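Here is a structure for a reader who has not met it before. The questions below ask why certain words are used for certain parts of it.

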Amino acid sequence: KIGVVSTQEAVAVVVFPGLVAQPAECMMNAAHTYAPVPTIPGEDFADRDAANGTHIVNEEAHKSRLGAIKMFRRIRLDDTQNFEMTSVYGLAIVYPQLARSAGWPLNFTMTAIRSFLYLSINVIVQLTFLYMISKEEEVMDAFAGQMYLCDLGAGVERCPDGPGCIGPGGTPYSAPRVYPFGQWTTRNFVRDSLKAIFPEKTDMINQNVDPGEYGLESYKCRLMCCFLFMVSLTSEFISIMNQLQLIYALPNKAEMWFQYEPSKPNSEVYVKLAGMPLVWKAVNCFVVLLPKILLWKLTCQAGIRFLLDTSGIVDVVANSVALGFILSVDELIFENLTQQDTKDIMSLVQGFNVQLDEKETDGDHSEEHMLENYARNHMNRCTLDNSLPIKLLFVMFLTFVFVAEYYYTHCKLNDGVFVPKDLYSPSSVHYSILRFLVPQFVPEEETGTPIWRMPSLNSENGTES
């Protein structure tokens, strides 16, 4: 019997053997039975009649599929893109074009000028924050004798016999003896002070006063926070790429962004993205988006370095959230410094559809054409976006790149474990702007004798070397 029934009936043999005799009747009489879903392209939304070999179109399934195609097509073709309308970046791009379209009236012109003032304030504030964070990590921590964390204490559960079980103080790691850098330096200070006051009791003090070791509390938590931090920054990068694509897609001519028909009664005024002169495109790319890309890159570097040098679990979780505030300064300035009229006009600006070259009306083709052509070319096409989680892979790639840069710059491999490189005292508190912007081309100063070097334990006599 299976050899002569349809595909749907063959499935019924496996799931409901008692329904094989009259499948069509059972599908009509069952109170809560849904239409069968076709599994073979040649039998799309049809039930084969075993008696005469014809196809009986399932109208409900056909309408459902047609509705899904229309919905997908409408979303795709009506997917307009817009600039950041709640940010000083979007304000600096949009408002000069609004002033141009309005004939450069005084109020629009002054707002356009103020938009670049707000943009400058935003860039200065964000650069200052990132500069101070980098100076803290590169200069001030070195004066305090704080080495880069790398993987110190990451394998404490394998100690005392595993690799990487020697701390920066030269003693073996153990879980009760791991402290953040502030506590560790304080405990070392107390021990050294007692030895200075009572030099004759140095051996007793070394035996009874244990400062512990500086190291990580959780390697996995630190890495997870770096990943989540990059997730928040990836959306910013995608936004930059979308704005570059939008600038490229806009026509290279001075079109009017205000659309109004005074001859028609009760005509509405529309504000919509339109053509932009090539000169303004160049200005927006170099003056607006290029600083935004630079700030994004510096935020990634400074943020990852700051998180990887945070040893405490609670501290690294809190810092991963707090660092995202730096990239929200542009929205903070827009919300609190711009006038309400400016914000209202920005909210009225409609986006630009980059898919206009593909747009067609629903009446141009029949339903059969939409089923066979559009579904085949768009909904059933195997693309990278459909088959792979592109954004997730991109976040993982960015996390790997910036974490690897930290380890390559500040750490070295010792006995299979990444430990900090030798620490040198800075010559001054000055932190070069060039070193901040392009640290790859301006390396750290390494003059004189290092103030700290990773100790090791002599394998034969167990003494520090």
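Q: Why are cysteine 159 and cysteine 165 said to form a disulfide?
A: In this predicted model, the sulfur atoms of cysteine 159 and cysteine 165 lie 2.2 Å apart, and a pair of cysteine sulfur atoms within 2.5 Å is what counts as a disulfide, so the term applies. The torsion about the S-S bond of this pair is about -100°, and the disulfide is therefore left-handed.

Q: What makes cysteine 159 and cysteine 165 count as buried or exposed?
A: A residue is called buried when its relative accessible area is under 20%. Cysteine 159 has 16% relative accessibility and so counts as buried, while cysteine 165, with a relative accessible area of 3%, is buried as well.

Q: How many disulfides does the structure hold, and what pattern do they follow?
A: The structure holds two disulfides, and with the bonded cysteines counted along the chain their pattern is 1-4, 2-3.

Q: How do you know that cysteine 150 and cysteine 411 are joined?
A: The S to S distance between cysteine 150 and cysteine 411 is 1.9 Å, which falls within the 2.5 Å limit, so this pair is a disulfide too. The pair links distant parts of the chain, since cysteine 150 sits in the loop between helix H5 (106-143) and strand S4 (178-179), whereas cysteine 411 belongs to strand S10 (residues 411-414), 261 residues apart. Both of these cysteines are buried.

Q: Why is the disulfide of cysteine 150 and cysteine 411 given a handedness, and which one?
A: The torsion about its S-S bond is about -95°, and for that reason the disulfide is called left-handed.

Q: Why is cysteine 226 not counted as bonded to cysteine 225?
A: The closest cysteine sulfur to that of cysteine 226 is in cysteine 225, at 7.2 Å, and because the limit for a disulfide is 2.5 Å, this is too far for a bond. Cysteine 226 has a relative accessible area of 0% and is therefore buried.

Q: What makes leucine 392 buried, partly exposed or exposed?
A: Buried means under 20% relative accessible area and exposed means over 50%, with partly exposed in between; leucine 392 has 41%, so it is partly exposed. Leucine 392 is found in helix H15 (residues 390-410), and together with Leu388, Ile390, Leu393 and Met396 it forms a nonpolar patch on the surface, with about 410 Å² of accessible area together.

Q: Which residues have the most contacts inside the largest nonpolar core, and which helix gives that core its largest share?
A: The largest nonpolar core has 84 residues, and Phe83 and Met230 are those with the most contacts inside it. Helix H9 (residues 278-308) supplies the largest share of this core, ten residues. Leaving aside neighbours within four places in sequence, phenylalanine 83 is in contact with residues including Ile93, Val94, Leu246, Ile247 and Leu273.

Q: What share of the chain is buried, and what does the chain expose?
A: Of the 465 residues in the chain, 38% are buried, and the chain exposes about 26600 Å², of which carbon and sulfur atoms supply 61%. The secondary structure of the chain comes to 16 helices and eleven strands.

How values were computed: Residues numbered from 1 in each chain as written. Predicted model: local features only at pLDDT ≥ 70, side-chain atom pairs only at ≥ 80, totals over all residues. Heavy atoms only, no water. Patch = residues over 30% accessible without salt bridge, like charges linked within 9 Å, V, L, I, M, F, W, Y side chains within 5 Å. Areas by Shrake-Rupley, 256 points an atom, 1.4 Å probe, with all protein chains shown as cover. Salt bridge = Lys/Arg side-chain N within 4 Å of Asp/Glu carboxyl O. Helix = DSSP H or I, 4+ residues; strand = E, 2+ residues; numbered from the N terminus. Buried < 20%, exposed > 50% of the residue type's maximum accessible area, 1.4 Å probe, protein only. Core = buried A, V, L, I, M, F, W, Y, C linked by side-chain atoms within 4.5 Å. Contact = heavy atoms within 4.5 Å.
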